[in-house]
Amino acid sequence: MADRAAARFVTLTKTHPLRALVTEEYHGEAPLHRISLARLTPRQREKVKGPLVDNTLVCPQISEPIAPVPPQAQPGL
């Protein structure tokens, strides 16, 4: 299930609020939150656990592009 959560995270829009809490490479166009993972020191990052941290570790392993809205779900195309 954790891998599925990471796959869902990849499909979030670039301005989704959750993106403001992760590292620089995944925050997209959302402004970084003041307590985001990107603003923590390396020592603080080592202590943080949770689904967002897991997603940032699993996301680089996703090699297949995932469309948030696949063409089959768009009538008329």
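Helices in this description are DSSP runs of at least four residues, numbered from the N terminus. On that basis the chain of this predicted model reads α-α-α along its sequence. It contains 3 helices and 0 strands.

Confidence comes before detail. The average pLDDT of the chain is 77, and 84% of the residues score at least 70. Among the elements, α2 has the highest mean pLDDT, at 88, while α1 has the lowest, at 69.

Some totals describe the chain as a whole. Of its 77 residues, 22% are buried. The accessible surface amounts to about 6,000 Å², and carbon and sulfur atoms account for 58% of that surface. If contacts are restricted to residues at least 6 apart in sequence, 35% of them join residues at least 24 apart.

Much of what follows concerns the loop between α1, residues 2–10, and α2, residues 42–47; Arg19 is placed in that loop. Is Arg19 buried or exposed? Its relative accessible area is 5%, and because the cut-off for buried is under 20%, Arg19 counts as buried. Setting aside residues up to four places away in sequence, Arg19 touches Phe9, Val10, Leu12, Thr13 and Lys14 on the earlier side of the sequence, and Tyr26, His27, Gly28 and Ala30 on the later side.

Ser36 belongs to the loop between α1 and α2 as well. With a relative accessible area of 0%, Ser36 is buried. Which residues does Ser36 touch, not counting those up to four places away in sequence? They are Ala20, Leu21 and Val22.

Ala38 is another residue of the loop between α1 and α2. Its relative accessibility is 12%, so Ala38 is classed as buried. Beyond four places in sequence, Ala38 touches Val22, Thr23, Glu24, Leu32 and Arg45. The C-alpha atom of Ala38 is separated by 8.9 Å from that of His27, a residue 11 places away along the chain. His27 is also one of the residues touched by Arg19.

The contact between Ala38 and Glu24 leads to the next position. Glu24 sits in the loop between α1 and α2. Its relative accessible area is 42%, which makes Glu24 partly exposed, since that class covers values between 20% and 50%. Apart from neighbours within four places in sequence, Glu24 is in contact with Ala38 and Arg45. Arg45 is likewise among the residues that Ala38 touches. Between the C-alpha atoms of Glu24 and Leu37, which are 13 residues apart along the chain, the separation is 8.4 Å.

Leu37 appears again in the surroundings of Leu52. Where is Leu52 found? Leu52 is in helix α3, which spans residues 51–58. At 23% relative accessibility, Leu52 is partly exposed. Once neighbours within four places in sequence are left aside, Leu52 is in contact with Phe9, Leu18, Leu21, Val22 and Leu37. Several of these names have come up before: Phe9 is touched by Arg19, Leu21 is touched by Ser36, and Val22 is touched by Ser36 and by Ala38. Leu52 can also be related to Ala6, which is 46 residues away in sequence; the C-alpha to C-alpha distance for this pair is 8.7 Å.

Definitions and conventions: Residues numbered from 1 in each chain as written. Predicted model: local features only at pLDDT ≥ 70, side-chain atom pairs only at ≥ 80, totals over all residues. Heavy atoms only, no water. Helix = DSSP H or I, 4+ residues; strand = E, 2+ residues; numbered from the N terminus. Buried < 20%, exposed > 50% of the residue type's maximum accessible area, 1.4 Å probe, protein only. Contact = heavy atoms within 4.5 Å. Areas by Shrake-Rupley, 256 points an atom, 1.4 Å probe, with all protein chains shown as cover. pLDDT = per-residue confidence, 0-100.
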